[in-house]
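User: Please take a close look at the packed interior of this model. Keep it brisk, and give the cut-offs as you go.

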Amino acid sequence: ASVARESMDAERQKEARLRLAVLNELVKTEVNYVRDLKLIHKLYIEPLKAKLQPKDVQAIFGNIDLLLNFHRVFMGELVQQGKLEQGRIGGVFMKYADFLKMYTVYCSNQSKCSEALERLSKNKDLQTV
């Protein structure tokens, strides 16, 4: 009986380590994604706002600002859950599942983005941007 119990304890510890590794990877990925969205905003969106019409900025970047704001909050909750002993993040995903639908808008903007980039690439004043 004690061998069986030790085997079950070892299995639970292995599962806990794997769960923690997955949690850490999710948190790390989310932190990196927020960093990248911030960089896109700082290095591309802000400078282009001074040179392009608002409709063109919208066509190119869609709702990326909304995505950045969402992911800042989402990341914060994932990080907070990661600090807890059990690190249960399923509730975080359930809480924000509807917000992930913003990606439908972002992805459906692809053709508008391509058209705007094609049109704007012909503008010699913008070729240094």
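How many residues does the largest nonpolar core have, and which of them have the most contacts inside it?

Analyst: This is a predicted model, in which local features need pLDDT of at least 70 and side-chain atom pairs count only at pLDDT 80 or more, while totals for chains, interfaces and linings use all residues. Residues are numbered from 1 along each chain as its sequence is written, and side-chain values use heavy atoms, with hydrogens and water left out.

The largest nonpolar core has 16 residues (a core is a set of buried Ala, Val, Leu, Ile, Met, Phe, Trp, Tyr and Cys residues joined through side-chain atoms within 4.5 Å; buried is under 20% relative accessible area, exposed over 50%, partly exposed in between, with a 1.4 Å probe and protein chains only). Ile45, Leu52, Val57, Ile60, Phe61, Ile64 and Leu120 have the most contacts inside this core. At least two of its residues come from each of H1, H2 (54–61), H3 (64–83) and H6 (110–121) (helices are DSSP runs of H or I, at least four residues, and strands are E runs of at least two, numbered from the N terminus). Another core lies apart, with 10 residues, including Leu67, Phe70, Leu78 and Val92.

Now H2. Its buried residues are Asp56, Val57, Ala59, Ile60 and Phe61. Their cover includes H1, H3, H5 (102–108) and H6. Leaving out residues up to four places away in sequence, Val57 touches Ile45, Leu48, Lys49, Leu52 and Gly62 (contact: heavy atoms within 4.5 Å). Gly62 comes just after H2 and takes a positive phi of about 55°.

A charged side chain also sits among the buried residues of H2. Asp56 counts as buried because its relative accessibility is 5%. Its side chain meets that of Arg119 in a salt bridge, 2.6 Å from N to O (a side-chain nitrogen of Lys or Arg within 4 Å of a carboxyl oxygen of Asp or Glu). Asp56 in H2 and Arg119 in H6 are 63 residues apart, so the bridge links distant parts of the chain. Arg119 has a relative accessible area of 43%, so this residue is partly exposed.

Seven is the count for the whole structure: it holds 7 salt bridges. Another one joins Glu77 and Lys95 at 2.8 Å, N to O. This pair too links distant parts of the chain, with Glu77 in H3, Lys95 in H4 and their positions 18 residues apart. Glu77 is partly exposed at 24%. Lys95 is exposed at 52%. Lys101 bridges to Asp98, the closest N and O atoms being 3.3 Å apart. Both Lys101 and Asp98 are exposed. Bridges with shared partners join Lys55, Asp56 and Arg119 into one network.

Next, the rings. The whole structure has 7 aromatic pairs (Phe, Tyr and six-membered Trp rings with centres within 6.5 Å; planes under 30 degrees apart are stacked, over 60 edge-to-face, the rest tilted). Phe70 and Tyr96 pair edge-to-face, 5.8 Å centre to centre with 65° between the planes. Phe70 is in H3 and Tyr96 in H4 (residues 90–96), 26 residues apart. Both are buried. Phe74 and Tyr96 have ring centres 5.9 Å apart and planes at 90°, so they are edge-to-face as well. Phe74 lies in H3 and Tyr96 in H4, so this pair ties together parts 22 residues apart in sequence. Phe74 is buried at 3% relative accessibility, and Tyr96 at 8%. Ring pairs link Phe70, Phe74, Phe93, Tyr96 and Phe99 into a cluster.
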